[in-house]
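Me: Could you teach me how to read a protein structure, step by step?
Reply: Gladly, let's look at one together.

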2 protein chains.
Amino acid sequence: MTLDHGDPGDAPSIPPPTAPLANPARPSAAEEARTVAAATNTATLASLSADGTPWASLVTYGLLDGQPVLCVSRLAEHGRNLAADPRASVAIVAPDPPADPLAGTRITLAGVMERPDGDEADAARAVHLAAVPAAAYYIDYSDFTVWVLRVHRIRWVGGYGRMDSATAEQYAAAAPDPIVPGAARAITHLNDDHADALLAMAQALGGYPDATTATCERADRYGLDLRVTTPRGVARTRVGYATPLDSPDQLRAATVALTRRAREG
Amino acid sequence: MTLDHGDPGDAPSIPPPTAPLANPARPSAAEEARTVAAATNTATLASLSADGTPWASLVTYGLLDGQPVLCVSRLAEHGRNLAADPRASVAIVAPDPPADPLAGTRITLAGVMERPDGDEADAARAVHLAAVPAAAYYIDYSDFTVWVLRVHRIRWVGGYGRMDSATAEQYAAAAPDPIVPGAARAITHLNDDHADALLAMAQALGGYPDATTATCERADRYGLDLRVTTPRGVARTRVGYATPLDSPDQLRAATVALTRRAREG
């Protein structure tokens with residue numbers, strides 16, 4: 001993980017763990033990026049205007065193996081731009097951003113737009129229509145073009161001080177997280193009814209034996225993000241499952257196993 | 001108003017008005033753009049990477065006379081980009097977008113980023129901090145730079161078939177709408193309790209004497225957007241007040257006056 005700059009302002013007050021983390025496994029930048037891309041159907045496109053200046057505009061998209069599929073009119077500025085110069089990027093912001101927008105998760109996917117051919121054209125049309133039902137009203141108009149962004153460069157930012165890049169190969173090989181999109185209810189249940197279990201995890205597995213409270217901020221296929229309070233201040237840590245999960249119905253057993261392991265110490 | 005392309009799909013079924021609109025006054029594209037810019041603190045920046053490709057990234061902003069004021073790190077890609085080439089644009093999406101994102105309102109402001117000097121630097125810093133409280137934690141770090149986008153070109157899209165451009169002079173001279181941001185409750189009240197008044201407006205002032213129902217979709221300083229049902233189909237029309245409003249507390253009297261005028265008509 002690359003830190004672009006220090007965690008602003010409150011960085012010096014974050015207490016470090018005082019014991020090794022049992023399993024700090026977490027998604028790669030490529031996996032995080034695939035998860036964000038799969039979470040919505042709206043992005044902002046950066047394209048090049050005729051004079052070479054960058055043009056930002058709202059677009060909708062579907063995904064073909066992680067590649068954004070756009071449907072834009074040649075009569076609109078961004079459509080003219082892509083027709084003249086296919087170099088482009090899209091920024092995608094994860095849904096339900098926090099009150100501080102820069103604490104939230106977002107990605108940039110950069111590359112070159114191509115008009116798909118043959119079977120890929122059919123597949124691209126289908127994924128766009130599945131993600132953007134309203135496109136049925138205009139996708140067949142003659143001025144609309146379906147574009148696939150060949151993703152060459154990936155940047156993921158998970159909030160302050162959490163960011164990394166991924167290669168095209170890493171991005172293509174990664175999959176969206178199967179747990180993140182539907183985990184909200186399970187996280188609420190953990191925090192409301194199993195605060196003692198989360199605290200035990202933070203103390204025994206998360207590197208904070210002096211933790212006094214712990215709340216779960218995210219669950220993904222590799223583990224839980226915990227926010228821990230200690231006499232030394234507030235920190236965030238990680239408790240990974242024994243093995244990665246493949247479907248949401250495995251989350252309950254995985255957290256029960258983490259709890260048992262924490263209490264058996 | 002320029003139509004970039006026809007209203008997709010259902011365009012042929014929109015019934016035209018059968019009488020003149022009494023007052024179709026509505027905000028200019030410049031006013032619409034100022035209203036969108038003032039409605040949030042989050043945008044997507046398009047900047048130019050070192051190789052000339054366009055880079056889309058999330059940013060926060062405040063406004064100085066309508067000009068977006070950004071605060072970005074030189075250690076981040078978009079910060080490096082602006083330092084090397086100040087040509088940029090920002091896309092801003094109006095809050096609470098509809099289920100079909102392309103039916104919603106968004107703008108692009110394009111121009112050149114400048115580092116403000118002297119009094120303007122103080123003012124830029126202040127408006128950024130007012131709009132983005134979390135910036136207090138990093139705005140004074142040495143790697144962060146405050147930029148003001150000198151807006152040269154403005155594109156407003158109000159949904160399908162509603163779009164126009166504005167010049168820098170028009171944008172600078174326009175003001176955000178004083179009614180739009182707080183009108184939701186009044187619109188709900190009109191639709192819930194005064195459907196008969198809205199119908200009278202649509203029939204007598206909105207050009208649809210054959211309207212059978214009318215609902216208010218928006219209130220701004222110049223008038224109301226009405227959605228009307230007729231035996232010929234569904235349409236949208238406009239009823240303007242006698243004079244533009246300057247503050248939200250004038251909205252009630254203006255709609256009462258429209259109702260009276262419609263019924264006396």
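Me: Where should I begin, and what share of contacts in chain A join residues at least 24 apart in sequence?
Reply: Two residues are in contact if their C-beta atoms, placed from the backbone, lie within 7 Å. Among contacts in chain A between residues at least 6 apart in sequence, 65% join residues at least 24 apart. Keep in mind that this is a predicted model, where local features need pLDDT of at least 70, side-chain atom pairs count only at pLDDT 80 or more, and totals for chains, interfaces and linings use all residues. Residues are numbered from 1 along each chain as its sequence is written, while chains are lettered from A and ligands numbered from 1 in the order in which they are written.

Me: How many helices and strands does chain A have?
Reply: Helices (H or I, at least four residues) and strands (E, at least two) are DSSP runs, numbered from the N terminus. Chain A has 7 helices and 10 strands.

Me: What about the contact between the two chains: how many residues of chain A take part?
Reply: On chain A, 40 residues are in contact with 40 residues of chain B. The strands β1 (42-48), β2 (54-64), β4 (87-93) and β5 (106-114) of chain A each supply at least two residues of that side.

Me: Now a helix, please. Which residues of α7(B) are buried?
Reply: A residue is buried if 20 or more other C-beta atoms lie within 10 Å of its own, exposed if 12 or fewer, and partly exposed in between, with C-beta atoms placed from the backbone. In α7(B), the buried ones are B:L251, B:A254, B:T255, B:L258, B:T259 and B:A262. They cover an arc (of the directions from the helix axis to the C-beta atoms) of only 140° around the axis, so they are on the same side of α7(B). On the other side, B:R252, B:A253, B:V256, B:R260 and B:E264 are exposed.

Me: What covers the buried residues of α7(B)?
Reply: The cover includes α5 (184-193), α6 (195-204), β9 (213-219) and β11 (233-240) of chain B.

Me: And how do I read a sheet: what is the order of its strands in chain B?
Reply: Strands of a sheet pair through backbone hydrogen bonds, either parallel or antiparallel. Two strands count as paired if DSSP finds at least two bridges between them. Here an open sheet of 3 strands in chain B has the order β9-β10-β11, with antiparallel pairing. Its edge strands are β9 and β11 of chain B, each pairing on one side only. Strand β10 (residues 223-230) of chain B pairs with β11(B) over 8 bridges, and the bridge partner of B:V228 in β11(B) is B:A235.
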